[in-house]
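Visitor: Could you take me through the metal sites of this model, one part at a time and with some care?

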Protein chains: 2
Amino acid sequence: MRIGELAKQVDMSTDALRYYEQQGLLSAPLRNASGYRQYGRKHMAQLRFIRRAKDVGFSLEEIAELLKINFEKEQHSCQEVKDLTLKKRELVAERIAELQRFHASLSQLAEQCCGSSAPAQHCSILTALEDIDGLTQ
Amino acid sequence: MRIGELAKQVDMSTDALRYYEQQGLLSAPLRNASGYRQYGRKHMAQLRFIRRAKDVGFSLEEIAELLKINFEKEQHSCQEVKDLTLKKRELVAERIAELQRFHASLSQLAEQCCGSSAPAQHCSILTALEDIDGLTQ
DNA sequence: ATAAACCTTAGAGTTAACACTAAGGTCAAG
DNA sequence: CTTGACCTTAGTGTTAACTCTAAGGTTTAT
Ligand SMILES: [Zn+2]
Ligand SMILES: [Zn+2]
Ligand SMILES: [Zn+2]
Ligand SMILES: [Zn+2]
């Protein structure tokens with residue numbers, strides 16, 4: 001299977017596949033006489049792993065670690081894998097908390113603004129951003 | 001007030017202040033005889049506006065829009081400002097939803113893994129990432 | 001008068017995950 | 001036998017919001 005075919009199968013771009021190879025996430029495949037990459041089932045499995053790991057929020061760097069562990073399972077423990085997962089979940093939770101603060105502040109701002117088409121000289125949102133005490137702590 | 005002093009007052013870097021000026025978020029100040037920037041209260045107010053807008057999640061590009069509206073309030077309406085705010089809140093909400101899906105998937109993965117220090121050959125997390133049906137849809 | 005601390009500009013580097021471009025070689029069909 | 005679809009590499013561009021570097025001029029204190 002050449003790169004275009006594999007890319008279509010897994011619904012990724014050929015650029016992405018070459019990028020993953022360069023980043024060590026996808027094994028370098030054999031080449032045919034003219035230098036074209038020849039992929040097999042192993043590579044498709046790797047790409048599906050990458051896809052699923054991306055779908056749960058892991059970064060490519062984290063996925064590289066998971067792939068390495070998966071490749072040499074005997075040398076690694078469940079603890080390691082679970083730690084990676086929990087650490088990632090913690091990061092995600094922190095980011096969610098930050099965004100929820102944003103959401104709450106934006107809601108508060110929007111709620112106070114009349115939203116009319118009249119000139120904005122009295123706009124409570126602008127006032128809140130100008131004044132020190134515009135937003136409830 | 002020179003740039004270092006102002007930066008200290010608002011707890012930002014001098015680089016950031018020059019960057020904001022370049023991006024049109026901070027008014028270009030007068031220069032003294034040797035070319036040093038001379039800031040006044042107006043600039044500090046602008047920076048506080050920027051700071052508060054950042055604190056509720058606006059990007060610099062969005063802040064530039066808000067500052068422009070704030071500068072020419074008569075030409076703009078409450079509706080415009082409220083729309084910006086609600087649109088931003090919508091984006092934030094979408095991102096939160098995505099991250100919450102990540103969080104749920106990661107929780108599910110972590111829950112199933114024993115987390116022991118035994119070899120990872122049986123690890124349910126790795127299995128889930130390998131198998132098509134590893135994660136509940 | 002000299003060292004430390006400040007200021008200036010222009011431009012490059014950072015992070016993530018690719019997308020895009022150029023310049024060229026290869027392969028299948030008609 | 002040539003067109004079009006595919007493949008190769010190397011290198012640049014993208015986005016956001018700065019940070020860092022280099023190479024130099026200024027101010028302040030001793
Ligand atoms: Zn209003
Ligand atoms: Zn308003
Ligand atoms: Zn286990
Ligand atoms: Zn496990």
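Visitor: Is B:Cys113 buried or exposed?

Guide: B:Cys113 is buried, with a relative accessible area of 3%, where buried means under 20% relative accessible area, exposed over 50% and partly exposed in between, using a 1.4 Å probe and protein chains only. This is a predicted model, in which local features need pLDDT of at least 70, side-chain atom pairs count only at pLDDT 80 or more, and totals for chains, interfaces and linings use all residues. Residues are numbered from 1 along each chain as its sequence is written, chains are lettered from A and ligands numbered from 1 in the order in which they are written, and side-chain values use heavy atoms, with hydrogens and water left out.

The SG atom of B:Cys113 is one of the protein donors of the zinc ion (ligand 4), alongside B:Cys123 (SG) and A:Cys78 (SG), at 2.2 to 2.4 Å from the ion; donors are N, O and S atoms within 2.8 Å of the metal (3.2 Å for Na, K and Ca), and because water is not among the atoms, sites may look incomplete. A:Cys78 also bridges to the zinc ion (ligand 3), which lies 3.7 Å from the zinc ion (ligand 4). Since A:Cys78 sits in helix 5 of chain A, while B:Cys113 belongs to the loop between helix 5 and helix 6 (124-130) of chain B, the pair joins two chains; helices (H or I, at least four residues) and strands (E, at least two) are DSSP runs, numbered from the N terminus. A:Cys78 is buried too, with a relative accessible area of 1%.
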